[in-house]
Structure formats: structure tokens, C-alpha cells
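I opened the notebook to keep track of what I looked up in this structure. The entries follow the order in which I went through it.

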Amino acid sequence: MLTRELLLFRVRDGKLRPSFVKREDLALRTLATELIAEVAAGAGRSRDDIEETLALRAGAHTRPKVARGLVKLLVDRMLFDEPSEGIAEARATAFREAARVLRSLPSDATVEAYEARLSEAFPRPLPELREALYADLPGHRRLRGWEALTSAELLDRYNLALAQGPLFDARRLTLRAKAPELLRVRKVLRWLKFCRLVAEVRREGEDWVLEVEGPGAMLALQKKYGLQLASFLSVVPVLERWQLTASLESPRRRVTLVLDEKDPLVSPHGSALGHIPPEVATLAGGFDDADWELDLLPLPRHTGAAGLCVPDLTFRHKQTGREVALELFHAWHAGPLSRRMEELRSRPDAGLLLGVDRALAKDAQERALLEAHPQVVLFHGFPSAKRLRARLSP
Amino acid sequence: MATELHFDCGTLVAPTLPEDDTLRAVFQRDTRTGVYRAAARHYREVVLRLRELGLPYEDRAKRFEPLEVGLATPIEPFPHQKAALEAWSGAGGRGLVELPTGAGKTLLAVLAIARVKRPTLVVVPTLDLMTQWQGVLSKHLGMPVGMLGGGVSDRQPLTVTTYDSAAMQTEFHGNRFGFLICDECHHLPAPSYRFIAEGSLAPYRLGLTATLERTDGGERVCAELLGPLVHRTDIRELQGRYLAPYEVRRVEVPLTPEEQARHDEARARYLGFIRQRGIRFDVPEGWARFLAESQRTEEGRAAYRGYREQRRIALTSSAKQDVLWRILLEHREDRVIVFTDDNETVYTLARRLLLPALTHHTPVPERKALLGAFASGELPVLLTSRVLNEGVDVPEARVGVVLSGSGSVREHVQRLGRILRQRPGKRALLYEVCSAQTAEASISERRRQHRAYQEEEGEAC
């Protein structure tokens, strides 16, 4: 992330827009390549030395603030060695000896006399001793490695950091996902939970609107969720078509950050989106019912005190519009099933069915409990349409 | 159905609530998730209300139980400690205690922990205080004490942490402790720290400080989050009996003609720029505006360099270094702490005189070793910037030298406090060395506006 003084943006008509750089900008690509080469060749050099070299390059660039931002992102990816063993011990020995010398001086001694006595007391020359005394300070540590990336990726990270920075002043953000694909929404919602944020989610036609904020944001707490909101932003570009707004509160002014898919933002979380289980796809394709229709893009549900459930699919009654979500628990979901059952007990939710693989109900007592539960459908492989209909229209 | 209480990231959550106006006034309906939510700090009043109503409830929020803890050996508290403990207990185990530095706030906390017998989180401002508290709690309570901060992550039923670490961790462990102690609690009102108390369930709370009063009225926030001021003892009530008598000596040193010329030139450059731009430092954002404007032009950058140069000359003049040397020599059989405003000066002096430096870069084990060697007399001098400003217990220190500092009254009082721990026959001495005819002289005047300085003896060195 970038520190506040490295952020570049423009404010017009109350809207804040980060001053993104172009990925194809030749001068910046060249600078990024040079900076990366400097870091890649910097193994063994001290942190102060590398930072000074990078800062000089940045200062000489025609866009020094952008350049300093790139340097900051690179420095964040560097790994420095731990202090060498024995430095602290050698230092302690030197201090003890110097204390002895100080105490032995006459009351009219000069600093020069003290230095002369120190020179006699130590086998090493005094200048050398002084130089080595604090060799383990952070600035003296040696570069051990770094999290490599290409020049294009560095510019991508820079653009993302420019957009993330202002979110440190936000209490909440609004994200509109335009007609998103199921798997993209799922990835965003998973990341929402990972960032310990909550969202009020609604569907407007084919679009999804998420009002995202921290759990305590509704209260008069001083807790800031800026870092979590900034972290959440990193997954948003996965959506492909989206718009994001966030009201920013600084002591001087109130502005709105506005971002959308036309901005050059790239998610660092990779393109892997998971997959729709074939049995779900089969059911979706073959589900034919006079009363119920099936929706593969269901709204997430808040469960229990603090749980978030992203159902696998939702059944919607054609006449009444009533919705019943289905969440599937396979053999490897024992923990999540136990948690969800607990949450249902804590806060009943008649609109949620749990499809539970019989592998999770091996124990007779456990099986009896699950079979008796009005919201549980036990299955082998996948719950049959017949069983599901029975639960939907008891 | 029983009311369930849950802890969620520093908030208290109830999926359902009984029809009771008092409870519904504490909670807010969370339309995002369909539950009722309140700041975790309201846990105590919520539980007491449910009990008062005789309603069943299931407490899934707290993750602590009463703790088998007591004093390893009996402690006979001083009268002011006893009075403070009783006042705090009488207030239901919540409240603020203001005691001068050296008056035994840590032991008061030990007594309070032994009385309430709950897992306790102690929050302190610095890593040095963290290790010091850990040592004192382990010794008097006879059980392991964990630490969170400075690269150490060891949570125990009794744990000491820093404000910075606690601010980040409260959403995860705010339900693990029944007793929250905020040492030097005048830090708590800072916006980034308030959540430590807001997001914690702890029904028992104690705030300790030597200087509760804040210029921004933040003491009201302390009272709201930790409880009211229940006890206060003034520094003059304890001086001589529980605190060492002390003397403050102010030494004003001139710059050399060459230093003065360089200082005046640099200062004129800096002042010329801020006057030309109409920048004022008596308004909020004045400093930020100077920083921003000084980076935009060559003239601004020269002004910024001028600011740094005039400050550096005033803080580290050769006359100051001469005075320091004379003080160190005069007190070479004492224990001396030298305070500066910045790390650069600390390391410059450390290298020049081969004296130990203690800054935020010093690793926790080395800090412990340095303080131990200082306490034993093996090392007679410690150089530090600000990390020893607060609370760290160095009873053997008799002499303090403020070589440079800010205009903060609190910083100055706290520095004085480092040398006031009582020892038989001890008379503490605080030197304040400042450069004449520089901005430092007025900074010195500002920081001395405290009753602790009203009876000083002015004496040339």
C-alpha cells in the first residue's frame, strides 16, 4: 500500500479520482524495469544503501511522486536478513568497558582524554569500533530476497494502491456488480468474509448492490475499517463489470471516491474462480416444476450472530415469490455443518435448507437428529429433485 | 427462548432481544445482518440488566472464567495505594486512578487483579513498560504472564500488551479478558486507541495515569470508557516520603558564533517561506500545510532544509555536548538518563562516547539487558529519545538530562518522573540544557508549565 503523501488524485465536483498511470507508458515501464533490476541485483546490500539508490532514481524521474510510489511498493516486497549474532553481545562488552573507563577518569578530564583512554582500552581502533557498534540497526540489514514481479505487474500494483489509499478514510463503500457471473460473485463474497466485513446485499434487476462496511461501523465506535475496505477492493476487479463509490471523511473536506471497470485495476488474486459442481449444473438444467423455479445466483444470507452463508442455489415460488435457499454440505464439511446447525438454533431461518451428505451422518444418534430436522435433506451424491420438492412444499 | 449474547469483532451481538426498553436502548438493530448489535463495552450493563429482569440468557460472548490468582507473598500497600484500591472497588471495579510517577501504580494493579480474580489484559504505551509489567506481575502473582507486541505473541490469562498491538488485536481477543487495565491511560482517548476499551467485554476496568488532564478534554473519554476518576494523589503529597526530593537545574548554553550564524541563516530561510505563504502553526493542519507546500518548489525544499538545519544546530550544539560531558563526568558514580528529541542524536552520542542507546529500534531482550545493567550499576548512563519518557521503572536513576525535547508539558513531567523513585538518601536532579537565542528557549518555557516545576531551584551548572 502507499502512504498518504504518495497518493495522487484529482477532486472535481466532490468526486475523487486516483491519477492512474498507463500500463503502456514507456517512460514508467522503463523506470519500473530499472528499479526492479536494481532490487534483483541488490542481494547482500544494506537497506539504507538500496533505499538511497532507489530514492535517487525516483527523485531524478520526471514524475518523482509516481516513482517514489513504485519504490515504496518494491521496498514492501523486500526481505532483509536478521541481525548477525554476537553484535548485541559485543556492544554490551564495549559499553561495560567504556563505563569502567568513564568512572576511572579524574574530575577535570576532557572528552579528548576520555577518547584516548578508550583507544587504549580496546584492541580495535576507536573509529572502527564506533562504526560497528550499531551495525544491526534496521538500515544496516542486508537484502536477502524479494517477492518478484514484472514491470507491468508493478504498475498494476501501483494503480491498485492508488485506489486503495483513499479508502483508509472511508467508513463504508457501495459496490454495484453489473450482471455478474455466479462464480465471480462467490469469489467477492468469500473475500468479504475473509476481510471481516459485512454487507447489505440486494439485487436490482440483474445487478447486485453491496453496501460494505465493518461490523461496528453502524455504532459510534472509533474503529476504522479502512485497511479492510482497501483489502476488499483488491478482489473487486474480478467482477469485470462494476462500479464502486465510497464517501471519504477527512478533516478538511468530504468527497466521494468513484471507481469502475474502466479504471486500470487488476486483481492480484488470480483468475481462478472455482467451479459449479456438475451435479448442481445438472439439477439446474433438469429442474422442471410447476410451482418453483431455480436460481443459481442466490443472495447471501446472514446466519446466527455473525455467520455468512452463500447458498448453492435458491428456489423461488412462481406465484408468491417466496425464496428458499439450499446450502450443500459434503463429506469434508463436518465443521461448517456443525457451525451452521448451531447458527440455525441461535437464529431460526425458515428460508434455508441444508443438503447434508449422508457421509456426515454416520453416527446413529447424529443421523436421527439430522433426519428429524425440518430443514435438513440428507443425500448421497446430490439431493434428488423429488426430495427437495417435498421440503419446499411440505 | 433464552437471549444469546455473542462477541463479533469488538461488538456485542444478540440475534434476538426481549421486549425491554433499557436493553433496546443499548443495542441497535443491524439491518445488514438482521441481529441486534452494541459496542462490546456494554456487556456488563447488558448482563446485569438481564439478571435484574430474571430472564434466561446464554452467554456465548465471553471466553473467560474466574481465575485462581492471588498474591505470591503478602503486600502491605502504602496508604495512598490502599485508598485508591478501596475507592476503585467501591465504584464497582471500574474507574481511573491518578497517582504521581513512582507512587506504585503497578503494585496497585497487582492488588486489583488479586481482588477481582479475572483474566486480565494490561495495556501499556511502550515495549519497555510491557517487559517491566510482565516482570512485576509474574513476581507478585506467581503465575506465567504473557506478552503481545514487539514480535512476541504469547497470550495468557494474564497478558501485557502495548496500545499499538491492542488496537489491532481487540477485535480478536476483546472477549478473552474480564479485567482491562490501561496504564498511562491518558493515551486511550486517541482515536486509534479508543477501540481497545470500546471493543472489549471486560466488566472490570482500571485506568492508571500520572497526568490524566489533556488539553483536548480527552479525560472525559477515559471516564466514559473506563469509569470515573475514583482517586487522585498529588505529587507534592508524596514528595520526600514516597518520592525522592528533587531539584531542577536549567542550563542555557550559547551557540558558537559560527553555529549562531548558520542557525540564523537557516532559520531566516525557513521563516521567510512560511511568512510569505501565510502558513501558521497555531491552527490545525498548519504543519501539514508547511510540509506539503515545502515539497512543491525548490524554494520550499530549501525552506524545509533550513527548518531541519536550524533545529539540528539548536539540539546538538557543541556547547550542549560540552555541558553534557561535564554533567556525565560530575555524576559518573550516579545513574544518569539522557533524553533527546530524536534517535539521530542518540546514536550520534552513543557512537561518540560509547554509551548505550535505548530507542524503538532496540530489541526487547536488549532493552531488558540494558535496563538490568543500568539498575545494577554496571552501566551508569542510558541515552534515549522518547522510549523512556513514560512509566519505565528505573529507581536507581538519580540524574536526568533533558538535552532536547518537545514543548509538551506531559513529556517533561514524565521525564522528571523517571528519576523520582524513592531510595534512602536520594535527591534527584534534572538538568534541562537548552540553546539560548533559538526557538528551543521558548519550547523549554512551554514544557515547564506544570506545578511540579513551581518550586524548582534555578542554578547554573
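**Entry 1: a tyrosine in chain B**

I started with Y204(B), which lies in strand 12 of chain B, a strand that covers residues 204-209. I note here that the model is a predicted one. Is Y204(B) buried or exposed? I found 23 C-beta neighbours inside 10 Å, so Y204(B) counts as buried; the cut-off for buried is 20 or more.

Next I looked up what Y204(B) touches, leaving out residues up to four places away in sequence. The list is G93(B), R94(B), V116(B), R118(B), G178(B) and F179(B). I also checked Y204(B) against F64(B): the two are 140 residues apart in sequence, and their C-alpha atoms are 13 Å apart in space.

**Entry 2: two residues with positive phi**

I looked at K117(B) because its phi is positive, about 55 degrees, although K117(B) is not a glycine. K117(B) sits in the loop that runs between helix 4 (105-116) and strand 7 (120-124) of chain B. It has 16 C-beta neighbours inside 10 Å and therefore counts as partly exposed.

E184(B) also has a positive phi, about 50 degrees, and is not a glycine. I found E184(B) in the loop between strand 11 (179-183) and helix 7 of chain B. Is E184(B) buried or exposed? Its count is 24 C-beta neighbours inside 10 Å, so E184(B) is buried.

**Entry 3: chain B as a whole**

I then stepped back to the full chain. Chain B holds 17 helices and 19 strands. It has 461 residues, and 52% of them count as buried. I took the contacts in chain B with a separation of 6 or more, and 74% of these join residues 24 or more positions apart.

**Entry 4: a helix pair in chain B**

I picked helix 10 (residues 257-277) and helix 12 (residues 298-315) of chain B. Their axes are 7 Å apart, and the packing angle is about 140 degrees. Why do I call helix 10 and helix 12 of chain B oblique to each other? Angles over 145 degrees count as roughly antiparallel and 65 to 115 as roughly perpendicular, and the angle here falls in neither range, so the two helices are oblique. The crossing of helix 10 past helix 12 of chain B is left-handed.

I wrote down which residues make the contact. Helix 10 of chain B gives E259(B), R262(B), H263(B), A266(B), R267(B), R269(B), Y270(B) and F273(B). From helix 12 of chain B the residues include E299(B), G300(B), A302(B), A303(B), G306(B) and Y307(B). I sorted the residues of this contact into eight nonpolar, four polar and six charged.

**Entry 5: two helix pairs in chain A**

In chain A I looked first at helix 4 (residues 87-104) and helix 5 (residues 111-121), which pack at about 135 degrees with their axes 10 Å apart. Helix 4 and helix 5 of chain A are therefore oblique to each other. The crossing of helix 4 past helix 5 of chain A is right-handed. On the helix 4 side I listed E97(A), A98(A), V101(A) and L102(A), which meet Y114(A), R117(A), L118(A) and A121(A) of helix 5. This contact has six nonpolar residues, no polar ones and two charged.

How do helix 3 (residues 64-76) and helix 7 (residues 151-164) of chain A cross? Their axes come within 10 Å and cross at roughly 105 degrees, so these helices of chain A are roughly perpendicular to each other. G69(A), L70(A) and L73(A) of helix 3 meet L154(A), R157(A), Y158(A) and A161(A) of helix 7. I counted five nonpolar residues, one polar and one charged in this contact.

**Entry 6: domains and the chain contact**

The domain assignment splits chain A into domain 1 (87-135), domain 2 (170-272) and domain 3 (278-392). Between the centres of domain 1 and domain 2 of chain A, taken over C-alpha atoms, I noted 59 Å.

Last, I looked at where the chains touch: 41 residues of chain B are in contact with 38 residues of chain A. Elements giving two or more residues to the chain B side include strand 1 (3-8), helix 7 (194-198) and helix 13 (318-330) of chain B. Which element gives the largest share of that side? It is strand 4 of chain B, with four residues. The chain B side divides into 19 nonpolar, nine polar and 13 charged residues.

Key:
Residues are numbered from 1 along each chain as its sequence is written. Chains are lettered from A and ligands numbered from 1 in the order in which they are written. This is a predicted model: local features need pLDDT of at least 70, side-chain atom pairs count only at pLDDT 80 or more; totals for chains, interfaces and linings use all residues. Domain bounds come from an automatic or database domain assignment. Two residues are in contact if their C-beta atoms, placed from the backbone, lie within 7 Å. Ala, Val, Leu, Ile, Met, Phe, Trp, Tyr, Cys and Pro count as nonpolar, Asp, Glu, Lys and Arg as charged, and the others, Gly among them, as polar. A residue is buried if 20 or more other C-beta atoms lie within 10 Å of its own, exposed if 12 or fewer, and partly exposed in between; C-beta atoms are placed from the backbone. Axes are lines fitted to C-alpha atoms, for helices over the stretch in contact, and angles run from 0 to 180 degrees between N-to-C directions. Angles under 35 degrees count as roughly parallel, over 145 as roughly antiparallel, 65 to 115 as roughly perpendicular and the rest as oblique. A crossing is left-handed if the near helix is turned anticlockwise from the far one by less than a right angle, and right-handed if clockwise.
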